[in-house]
Amino acid sequence: MIDKPRLKKLLEECVKLETDAIALYAQKIESPAFFQVFLTEDRERVQKALAALAEDARSHKGILEAVLAKVQGAEKNEF
């Protein structure tokens, strides 16, 4: 069991991590300097992988925000 304040804090930290990940992936995708270290034939693959990671992070963030909203609105104090 975990108490409500602790669970809320953990979920908020997870949302922040996903938000930071989205920003990092977006920054790298838009950085020509980042891609210079890769071979030409690998750049598109790396860019697609970063875009997929960003999309996954957006999905995770949405799920975590929904769970956080349910926890905040819940009457019980233990989960």
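**A buried lysine, two cores and a ring cluster**

Hi everyone, let me start with Lys4: this lysine is buried (under 20% relative accessible area, with exposed meaning over 50% and partly exposed in between, using a 1.4 Å probe and protein chains only), and yet has no salt bridge. A salt bridge here needs a side-chain nitrogen of Lys or Arg within 4 Å of a carboxyl oxygen of Asp or Glu. The nearest side chain of opposite charge belongs to Glu75, 7.7 Å away; Lys and Arg count as positive, Asp and Glu as negative, and His and the chain ends are not counted.

Please keep in mind that this is a predicted model, where local features need pLDDT of at least 70 and side-chain atom pairs count only at pLDDT 80 or more, while totals for chains, interfaces and linings use all residues. Residues are numbered from 1 along each chain as its sequence is written, and side-chain values use heavy atoms, with hydrogens and water left out.

So what does Lys4 touch, leaving aside neighbours within four places in sequence? Lys4 is in contact (heavy atoms within 4.5 Å) with Val71, Gln72, Ala74, Lys76, Asn77 and Phe79. Lys4 sits in helix H1; helices are DSSP runs of H or I with at least four residues, numbered from the N terminus.

Now to the nonpolar cores, meaning sets of buried Ala, Val, Leu, Ile, Met, Phe, Trp, Tyr and Cys residues joined through side-chain atoms within 4.5 Å. The largest has 8 residues: Ala21, Ile22, Tyr25, Phe35, Val46, Leu50, Ala54 and Ala57. Helix H1 (4-29) and helix H3 (40-73) each give two or more residues to this core, and the largest share, 4 residues, comes from H3. Another core, of 6 residues, lies apart from it, and includes Leu7, Val15, Leu68 and Val71.

Finally, the aromatics. Rings of Phe, Tyr and Trp (its six-membered ring) pair if their centres lie within 6.5 Å; planes under 30 degrees apart are stacked, over 60 edge-to-face, and the rest tilted. The whole structure has 3 aromatic pairs. One of them, Phe34 with Phe35, is edge-to-face, at 5.2 Å centre to centre and 85 degrees between the planes. Phe35 also pairs with Phe38, tilted this time, at 6.3 Å and 50 degrees. Phe35 is buried because its relative accessibility is 9%, whereas Phe34, at 23%, is partly exposed. Together, ring pairs link Phe34, Phe35 and Phe38 into a cluster.
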